[in-house]
Amino acid sequence: MLRFVALVITVLVAEPAAAQTTWRIERGAADISFVTRRFGAVVATGRFGRYDGTLALDFDQPEKSRIKVTIETASLQAGSATMDGFIKGESMLDTGRYPTASFTSAAVTRTGERSLEIRGQLTIRSITRPFTVRAVVDGDVERARRGAKLAFHASGTFMRPDFELGREVNVVDDLVELAIKGQLSR
């Protein structure tokens, strides 16, 4: 569901830059979404409309980069009022009691010329667990160094039971896929 997180996080992938620079996930230019399946078939998808992401990126030394992403859980849209209500309800996100979900990086590792692995902590329903995001820079890093926006995509997965999401729900598999696609700006 919180593919987003993966989100956000994805932007860390990068090439060299001069030093650590602060970036934000550009509102309206990012898509933070999730997918759940049952026996391989998509059962539910959704997007989060309100989020905030701050990234201190060091393209030359990605291990010095830091990322923090927060999502407003009530901003979820899953395609119908019934599905929205169910996912926002007490057995799932419980948006009334837990209005935000967040990701904070702990370690960033370059895995390729334009890709990163971002390990950190994902918090949903006030439960915090380790979470790994794989991010790829889609934009021109050299232009971004000169102030241009930087396109990226990121993804990660988590298990619903780890966050007590839908303990009594058996119509979807436990694995939730998160994805973020967007742009960073300074």
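This report walks through strand β5, its neighbours, a serine in β7 and a group of aromatic rings. Keep in mind that the model is predicted.

**Strand β5 and its partners**

Let's start with β5, which covers residues 66-72. Which of its side chains are buried, and which are not? I67, V69 and I71 point to one face and are buried. R66, K68, T70 and E72 point to the other face and are not buried. That fits the textbook picture: in a regular strand, side chains alternate between the two faces of the sheet.

β5 has strand partners to look at too. One is β4 (residues 51-57), which runs antiparallel to β5 and is joined to it by six bridges. If you want a spot to find on screen, try D52, whose bridge partner in β5 is T70. Another partner is β7, again antiparallel, with five bridges joining it to β5. Here E72 stands opposite T100 of β7.

**S105, a serine in β7**

Staying with β7 (residues 100-110), have a look at S105, which is found in this strand. Is S105 buried or exposed? With a relative accessible area of 9%, S105 counts as buried, because the cut-off for buried is under 20%. Its side chain reaches the backbone nitrogen of I67 at 2.8 Å, and I67 is one of the buried residues of β5. Leaving out residues up to four places away in sequence, S105 touches S65, R66 and I67, along with I118, R119 and G120.

**The aromatic rings**

Now for the rings. How many aromatic pairs does the structure hold? There are five, and two of them are set out below. A pair of aromatic rings is described by the distance of the centres and the angle of the planes.

| Pair | Centre to centre | Angle between planes | Geometry |
|---|---|---|---|
| F103 and F131 | 5.9 Å | 70 degrees | edge-to-face |
| F131 and F158 | 6.5 Å | 65 degrees | edge-to-face |

The F103 and F131 pair links distant parts of the chain: F103 sits in β7 and F131 in β9 (residues 127-137), 28 residues apart. For the other pair, F131 lies in β9 and F158 in β10 (residues 150-159), so that pair ties together parts that are 27 residues apart in sequence.

What about burial? F103 and F131 are both buried, and F158 is buried as well. These three phenylalanines belong to one aromatic cluster, made up of F103, F131, F158 and F163.

Terms used: Residues are numbered from 1 along each chain as its sequence is written. This is a predicted model: local features need pLDDT of at least 70, side-chain atom pairs count only at pLDDT 80 or more; totals for chains, interfaces and linings use all residues. Side-chain values use heavy atoms; hydrogens and water are left out. Helices (H or I, at least four residues) and strands (E, at least two) are DSSP runs, numbered from the N terminus. Buried means under 20% relative accessible area, exposed over 50%, partly exposed in between (1.4 Å probe, protein chains only). A polar contact is a pair of N or O atoms within 3.5 Å; within protein, one must be able to donate a hydrogen and the other to accept it, and residues adjacent in sequence count only if both atoms are side-chain atoms. Contact means heavy atoms within 4.5 Å. Rings of Phe, Tyr and Trp (its six-membered ring) pair if their centres lie within 6.5 Å; planes under 30 degrees apart count as stacked, over 60 as edge-to-face and the rest as tilted. Two strands pair if DSSP finds at least two bridges between them.
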